[in-house]
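Okay, thanks everyone, let's get going. I'll put the model up and then walk through a few spots in it.

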Amino acid sequence: MENKELSYDRFETIYRDQINDCRYYCLVCEQDGMVIGLLNIRFEEQLHHGERIAEILEFAIAPLYRNKGIGKKMFAHSCRIARENGCYQIEVACNQLRQDTHRFYIRQGMHNFHFKFSKQLAGDNTPENIIGR
């Protein structure tokens with residue numbers, strides 16, 4: 001998602017931890033044996049809501065398969081899964097540079113009521129917003 005190469009070992013460790021944790025749910029869309037979509041959700045009880053909330057952590061559709069309704073179906077399915085897991089709301093944070101993604105979420109009935117702030121705790125903590133830096 002950030003257009004950078006990840007450590008396979010670290011990725012595998014995190015992935016295995018998540019698939020063994022009932023607070024995470026990973027949807028994968030395959031076509032002809034190839035992964036073309038992935039949507040990863042975390043469920044958590046939040047004090048400020050007093051409810052269980054689902055948060056989309058990662059959601060990507062392979063470029064050749066975008067604008068074909070796959071993302072819409074995966075998003076709708078994630079909402080059903082969140083409801084089945086007792087969630088009151090589904091949320092997602094999205095980089096400000098991803099304007100097409102913002103339009104997608106709005107078309108799915110989501111609202112942009114919040115800001116999300118971040119600070120790197122290692123490195124230079126540059127204020128520049130560059131995807132894949």
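So, where does Asp32 lie? Asp32 is in the loop between β1 (24-31) and β2; strands here are DSSP runs of E of at least two residues, helices are runs of H or I of at least four, and both are numbered from the N terminus.

Before I go on, the housekeeping. This is a predicted model, where local features need pLDDT of at least 70 and side-chain atom pairs count only at pLDDT 80 or more, while totals for chains, interfaces and linings use all residues. Residues are numbered from 1 along each chain as its sequence is written, and side-chain values use heavy atoms, with hydrogens and water left out.

On confidence: pLDDT is the predictor's confidence in each residue, from 0 to 100. The protein chain averages 92, and 95% of the residues score at least 70. Among the elements, helix α1 (residues 8-19) has the lowest mean, 93, and helix α2 (residues 70-84) the highest, 98.

Back to Asp32. Phi there is positive, about 55°, although Asp32 is not a glycine. As a reminder, most residues other than glycine have a negative phi. Asp32 is exposed, with a relative accessible area of 78%; exposed is over 50%, buried is under 20%, and partly exposed is in between, using a 1.4 Å probe and protein chains only. There's another case at Asn67, where phi is near 65°. Asn67 sits in the loop between β3 (51-61) and α2, and is exposed too, at 81% relative accessibility.

Now the sheet. Four strands make an open sheet in the order β1-β2-β3-β4, with mixed pairing. At the edges are β1 and β4 (89-92), each pairing on one side only. Neighbouring strands are turned by 25° against each other on average, direction ignored; the axes are lines fitted to C-alpha atoms, for helices over the stretch in contact, and angles run from 0 to 180 degrees between N-to-C directions. Pairing takes at least two DSSP bridges between two strands, and β2 with β3 has 10, in the antiparallel sense.

Which residue in β3 stands opposite Asn40? That's Glu58. Asn40 itself is in strand β2 (residues 34-46) and is buried, with a relative accessible area of 5%. The Asn40 side chain makes a polar contact with the side chain of Gln18, at 2.8 Å. By polar contact I mean N or O atoms within 3.5 Å; within protein, one must be able to donate a hydrogen and the other to accept it, and residues adjacent in sequence count only if both atoms are side-chain atoms. Not counting residues up to four places away in sequence, Asn40 touches residues including Tyr25, Cys26 and Ile56, where contact means heavy atoms within 4.5 Å.

Over in helix α2 we have Ser78, buried at 0% relative accessible area. The Ser78 side chain reaches the backbone oxygen of Phe75 at 2.6 Å. Leaving aside neighbours within four places in sequence, Ser78 is in contact with Leu27, Leu39, Ile41, Ile56 and Ile90.

Last bit: how many disulfides does the structure hold? Zero, taking a disulfide as a pair of cysteine sulfur atoms within 2.5 Å. Why not Cys29? Because the closest cysteine sulfur, in Cys26, is 12 Å from the Cys29 sulfur, too far for a bond. For Cys79, the closest cysteine sulfur is in Cys87, 10 Å from the sulfur of Cys79, so that's too far as well. Cys79 does count as buried, at 15% relative accessibility.
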